[in-house]
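The following account leads the reader through a protein model, from its interior to its covalent links and its backbone geometry. Please keep the sequence and the structure at hand while reading.

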Amino acid sequence: MTTSAEAAPCDSLKGLRVPALRIDRATPMTQPVPHCRVEAKIENEIGVELWLPERAAWNGRMLTGGVGGQAGSFNQLELARGVRRGYASASTDTGHKAADKHWLLKRPDRAANYAHRAHHLLAVNAKAVLRHVYGRKPDHAFFVGCSGGGRQALTEAQRYPRDYDGVIAGAPGVNTPEMSARRMWEMQRHSQWGAAVPPSVWKLVTRSAIAMCDGDDGVRDGVVADPRQCRFDPARLLCKSGEMGTQCLSPLQVDAVRTIYAPLHDENGKPIDQGLLWTAPVSPAPLPEPFTPGPSYLATVLFADGVHADPAWDARQFSLARDLPAIDRLMNLHADNPAIEPFTRAGGKLILYHGWDDPLVSATSTLGYWDALSVRFGSRLDASVRLFMAPGVDHCRGGPGADLFGGAGGDSPQVGSRHDLLSALEEWVLRGKAPATIIATKLPANGAPGRTQPLCLWPARAVWDGSGDTALAASYTCRKD
């Protein structure tokens with residue numbers, strides 16, 4: 001008797017011949033649904049996992065999940081999400097393992113794989129496997145990623161426009177080199193100030209800014225609708241004469257806060273970024289790094305092992321003017337090219353999203369990319385690209401705002417095109433119905449009630465009707481200022 005797991009398409013892999021692909025294992029699995037788990041390598045070391053549902057359960061599509069940070073592992077959440085929904089799902093470690101702390105050291109091949117090659121090769125080879133297993137190539141291919149995975153999503157649309165016809169890019173880090181340089185510069189400042197500017201300062205600033213600007217949208221709910229409009233000044237927290245403690249700031253601390261949140265310039269005065277939003281918390285990590293167990297920041301690896309080819313490099317010597325341009329000689333980590341006509345002409349659809357309170361990838365970077373797209377495409381942009389900003393949402397997920405809406409990391413609590421970005425992308429690509437509003441959910445925690453909030457099609461924002469329950473999406477209307 002054949003079990004449901006044995007009925008998964010592992011046996012169909014026999015006779016497969018894909019020149020760059022080597023299958024290491026093909027294992028029938030029963031969870032989360034019956035499927036064949038394929039573990040493979042492309043070229044010498046680009047690790048790949050493909051989860052292939054039973055033939056009768058396959059929806060004819062492929063779903064790839066991007067991987068964040070330094071990569072080095074597979075996106076298990078999207079692999080499982082994909083097969084649950086009938087997709088053949090795919091992921092790559094981009095050509096190295098997370099356990100290898102110095103994966104980038106004197107390895108230009110790994111730099112290229114990490115930057116762009118691995119995901120393109122995954123798309124090409126995965127489609128060849130699907131053609132062999134199911135007898136036809138997928139009708140559609142979707143990519144979902146956030147943070148580093150969001151950058152990978154945009155890189156696919158920008159450089160390999162035929163790989164995917166539906167892309168979701170969350171908090172994409174379009175300017176990863178500049179973002180990494182800021183992280184190094186911030187660690188230098190935190191080391192310089194030391195105990196004079198403790199972590200409590202940054203928590204007080206974020207808490208005070210949110211408290212001051214919370215009601216700007218007419219609702220006091222711990223969420224600032226558009227932090228760009230928040231006119232917070234840390235001087236309002238300056239300790240009065242004779243006052244001291246954790247609820248006020250010294251003059252040195254006020255200056256430190258202004259320094260960190262201000263637009264960044266290199267040593268020659270060249271602008272690097274627009275600064276930080278007041279609702280985005282600052283991580284007061286000093287040098288040297290890593291300072292806790294776990295992987296190093298991507299920034300540290302880029303500059304030490306990548307730019308300087310020296311794992312013992314002294315990060316106190318970091319220079320914005322010297323070291324930032326050197327990243328581009330190592331690899332292209334920019335995902336800010338607005339010239340995506342090959343993708344849009346092929347029918348590709350792109351959904352961008354970003355949490356306003358993101359402390360790792362500034363929301364203004366995604367808005368800057370949207371502005372560049374708008375300049376290039378004008379009124380045509382709406383037919384191919386949509387942006388949703390998420391008030392009160394941290395990096396990819398978390399924060400006081402409604403943070404579950406079916407982006408990277410799993411389905412929304414309520415699956416459907418009005419509540420779930422992947423479902424909305426399916427409806428847009430398959431049936432031509434573009435998403436206009438997404439209802440995000442905040443699950444209850446620690447006795448606090450849950451809530452739903454609309455994510456409006458940018459540049460519209462959610463406006464309370466003045467009488468309904470402020471915790472329900474139905475009490476809001478999306479309006480453009």
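How much space lies in the largest cavity? The model is a predicted one, and the space in its largest cavity comes to about 30 Å³. Rolling a probe the size of a water molecule over the atoms shows where empty space is left. A search of the whole structure at a threshold of 30 Å³ or more returns 1 cavity.

The walls of this cavity can be described residue by residue. Its lining consists of Tyr-114, Ala-115, His-116, His-119, Gln-152, Thr-155 and Glu-156. Two helices, α2 (108–134) and α3 (148–159), each contribute at least two residues to that lining. The largest share comes from α2, with 4 residues. In terms of residue class, the lining has 2 nonpolar, 4 polar and 1 charged residues.

From the cavity the account passes to a helix in the interior. Helix α7 spans residues 298–307, and 9 of its 10 residues are buried, so the helix is largely enclosed by the rest of the structure. The threshold behind this reasoning is a relative accessible area under 20%. The buried residues are Leu-298, Ala-299, Thr-300, Val-301, Leu-302, Phe-303, Ala-304, Asp-305 and Gly-306. What do these buried residues of α7 pack against? Their partners are α2, α4 (176–193) and α8 (320–330). Helix α2 thus appears both in the cavity lining and among the elements packed against α7. Just after α7, the backbone at Ala-309 adopts a positive phi of about 50 degrees.

The covalent cross-links come next. A disulfide is a covalent bond between the sulfur atoms of two cysteines. The model has 5 disulfides. When the bonded cysteines are numbered in sequence order, they pair as 1-2, 3-8, 4-5, 6-7 and 9-10.

One of these disulfides joins Cys-146 to Cys-396, with an S to S distance of 2.1 Å. This pair links distant parts of the chain: Cys-146 is in strand β6 (residues 140–146), Cys-396 is in the loop between β9 (385–390) and α11 (421–431), and the two are 250 residues apart. The link of Cys-146 and Cys-396 is left-handed, with -100 degrees about the S-S bond. Is Cys-146 buried or exposed? Cys-146 has a relative accessible area of 10% and is therefore buried.

Another disulfide, with an S to S distance of 2.0 Å, joins Cys-456 to Cys-478. Cys-456 lies in strand β11 (residues 451–456) and Cys-478 in strand β13 (residues 476–479), so this bond ties together parts that are 22 residues apart in sequence. The link of Cys-456 and Cys-478 is left-handed, with -80 degrees about the S-S bond. Its two ends fall into separate accessibility classes: Cys-456 is buried at 4%, whereas Cys-478 is partly exposed at 31%.

A disulfide also joins Cys-239 to Cys-248, with an S to S distance of 2.0 Å. The link of Cys-239 and Cys-248 is right-handed, with 90 degrees about the S-S bond. Cys-248 has 6% relative accessibility and therefore counts as buried.

The backbone itself completes the tour. Most residues other than glycine have a negative phi, and most peptide bonds are trans. Against that background, where do cis peptide bonds occur? The bond from Gln-31 to Pro-32 is cis, with omega near 0 degrees, and Pro-32 is placed in the loop between β1 (21–29) and β2 (35–42). The bond from Trp-458 to Pro-459 is also cis, with omega near 15 degrees. Pro-459 lies in the loop between β11 and β12 (461–464), and β11 is also the strand that holds the disulfide-bonded Cys-456.

Positive phi values also occur in residues other than glycine. Lys-106 has a phi near 55 degrees and is found in the loop between β5 (88–92) and α2. Lys-106 is exposed, with a relative accessible area of 64%. Ser-147, which is not a glycine, has a positive phi of about 60 degrees. Its place is in the loop between β6 and α3. Is Ser-147 buried or exposed? At 18% relative accessibility, Ser-147 counts as buried.

How values were computed. Residues are numbered from 1 along each chain as its sequence is written. This is a predicted model: local features need pLDDT of at least 70, side-chain atom pairs count only at pLDDT 80 or more; totals for chains, interfaces and linings use all residues. Side-chain values use heavy atoms; hydrogens and water are left out. On a 1 Å grid over the protein atoms alone, a cavity is a set of points where a 1.4 Å probe fits but cannot get out, and a pocket is an open set with protein on both sides within 12 Å along at least five of seven lines; lining residues have an atom within 4 Å of a point. Grid points are joined across faces, edges and corners, and a volume is the space filled by probe spheres set on the points. Ala, Val, Leu, Ile, Met, Phe, Trp, Tyr, Cys and Pro count as nonpolar, Asp, Glu, Lys and Arg as charged, and the others, Gly among them, as polar. Buried means under 20% relative accessible area, exposed over 50%, partly exposed in between (1.4 Å probe, protein chains only). Contact means heavy atoms within 4.5 Å. A disulfide is a pair of cysteine sulfur atoms within 2.5 Å.
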